[in-house]
Amino acid sequence: MEFSISYLSFYVIEIDQQKDQRTYSHYQTLDAATFENSALSQFLEGELKRIVKRKAQSHPNHAQAPTKLGEFVTEGNHPLESNPNYALFQRALHATTSTDFKKESESFVETYVQTSAVRGGVFLVCQAKPKKYFDDLFLFILKCDFQDDIAVLSDANTLVKKVERAITTKNMKSIQYPYMIEEGMLEHTKVKIHQSSHARYFEDFLPFVTYGDPMPEVIKTQVQTMVQDHVNETFSSESSERQEMEERLESWSASETRELQEQLNHHQVVEATAAITAHIPDSKTTIKLGDVVVKFPLDAYGDNVHLAKYNDRYVLVVDAEQVTFDKNASPIEFLKPDHLEAVIQRMQADDE
């Protein structure tokens with residue numbers, strides 16, 4: 001999907017670390033005609049298309065996911081327009097003159113400069129619309145870093161020319177509003193943010209936007225709720241068993257490395273995993289038995305993945321119609337497997 005620029009405001013941010021000063025300068029606000037004839041037209045060619053195509057999830061796979069979806073926060077029955085960030089996006093999105101657009105875009109850069117992890121570079125605010133298919137407006141906020149001390153080929157006499165400061169789209173940070181679920185389907189309550197560095201300043205300067213918890217945290221919260229429900233149903237409110245179980249649950253929640261708790265039976269775990277995978281179909285889990293690590297879809301438990309105990313040791317049983325191997329060859333690829341009963345007998349003999 002290609003875009004045409006309606007308005008673009010160009011700012012340069014300067015950071016003086018020694019004096020702890022942060023300043024910005026407005027270079028120019030371009031309309032559609034002046035943008036097409038500017039060097040920025042080629043500089044940004046294809047960038048907006050890449051930003052829109054970039055996938056994002058409401059609940060990313062990990063906390064440091066570079067691309068994520070934010071949602072404008074509202075309280076009670078207050079309308080979406082009561083959210084200051086949403087109101088600013090709307091004003092910039094529907095500005096109809098260069099003067100109005102410059103005024104609204106300046107609010108973005110003023111807020112950004114105050115973030116704790118602000119960096120120098122070029123800050124662009126663009127109002128754009130697709131060239132084909134539909135006429136909805138989009139707002140893009142782009143932060144391009146300076147790439148200092150670049151040497152570029154020049155003419156035959158000087159051969160090499162040193163550019164003191166250049167801007168690059170490498171690791172460019174971006175905000176897209178509204179979020180496009182698919183072509184022609186927009187979500188005006190959500191904004192898509194991409195920031196490839198660990199500095200979360202694009203989140204910091206939108207204080208009235210909230211982001212979904214990473215998927216592991218979502219699943220962990222669901223598991224904790226389910227186990228707490230089991231505790232409530234199983235133990236009386238004053239029993240020592242309940243207090244002990246709640247302490248164990250709290251310890252489990254805070255621990256990075258968790259061990260098997262042995263509290264729920266097979267059917268309870270199957271029901272719990274089914275409840276989770278009904279809402280999160282692609283959820284996976286990883287378990288470690290000794291030095292062996294196994295990762296599998298959560299809904300495989302109780303179907304073709306089974307965890308059992310044998311002689312006070314843990315056994316994982318996985319059944320499948322086919323066994324494949326990675327590129328690292330091993331003799332196991334030529335194994336003619338014994339029946340499970342024979343394997344159990346061999347394990348029993350090893351324990352004697």
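User: Rings of Phe, Tyr and Trp (its six-membered ring) form a pair if their centres lie within 6.5 Å; planes under 30 degrees apart count as stacked, over 60 as edge-to-face and the rest as tilted. What does the count of aromatic pairs come to by this rule?

Analyst: This is a predicted model, in which local features need pLDDT of at least 70 and side-chain atom pairs count only at pLDDT 80 or more, while totals for chains, interfaces and linings use all residues. Residues are numbered from 1 along each chain as its sequence is written, and side-chain values use heavy atoms, with hydrogens and water left out. By the ring rule, the count of aromatic pairs is 15.

User: Which kind of aromatic pair do Phe-72 and Tyr-86 form?

Analyst: The two ring centres are 5.3 Å apart. The angle between the planes is 75°, and the pair is therefore classed, by the cut-off of over 60 degrees, as edge-to-face.

User: How many residues apart in sequence are the parts that this pair ties together?

Analyst: Helices (H or I, at least four residues) and strands (E, at least two) are DSSP runs, numbered from the N terminus. Phe-72 lies in strand 3 (residues 67-72) and Tyr-86 in helix 4 (residues 84-93). The pair therefore ties together parts whose separation in sequence, in residues, is 14.

User: Are Phe-72 and Tyr-86 buried or exposed?

Analyst: Buried means under 20% relative accessible area, exposed over 50%, and partly exposed in between (1.4 Å probe, protein chains only). Phe-72 has 5% relative accessibility, and Tyr-86 has 8%. Phe-72 and Tyr-86 therefore both count as buried.

User: Which residues do ring pairs link into a cluster with Phe-72 and Tyr-86?

Analyst: Ring pairs build a cluster that contains Phe-72 and Tyr-86. The other residues linked into this cluster are Phe-89, Phe-108 and Tyr-177.

User: Which residue follows Tyr-177 across a cis peptide bond?

Analyst: The bond that starts at Tyr-177 is cis, with omega near -5°. The residue on its other side is found in the loop between strand 6 (160-177) and strand 7 (179-182). That residue is Pro-178.

User: What covers the buried residues of helix 7?

Analyst: Helix 7 (residues 215-234) has 20 residues and reaches 29 Å from its first C-alpha to its last, close to the 28 Å expected at 1.5 Å a residue. Its buried residues are Met-215, Val-218, Ile-219, Lys-220, Val-227, His-230 and Val-231. Their cover includes helix 8 (240-254) and helix 9 (266-279).

User: Is Glu-262 buried, exposed or partly exposed?

Analyst: Glu-262 is not a glycine, although it has a positive phi of about 55°. Its place is in the loop between helix 8 and helix 9. With a relative accessible area of 46%, Glu-262 is partly exposed.

User: Is Asp-312 buried or exposed?

Analyst: Asp-312 also has a positive phi, about 65°, although it is not a glycine. It lies in the loop between strand 13 (305-310) and strand 14 (313-318). At a relative accessible area of 70%, Asp-312 is exposed.

User: What is the radius of gyration of the protein chain?

Analyst: The protein chain has ten helices and 14 strands. The radius is taken over C-alpha atoms, and the globule rule is 2.2 Å times the number of residues to the power 0.38. For 352 residues this rule gives 20 Å, and the chain is well over that, so it is more spread out than a compact globule. Its radius of gyration is 28 Å.

Terms used. The expected span of a helix is 1.5 Å times one less than its number of residues. Contact means heavy atoms within 4.5 Å.
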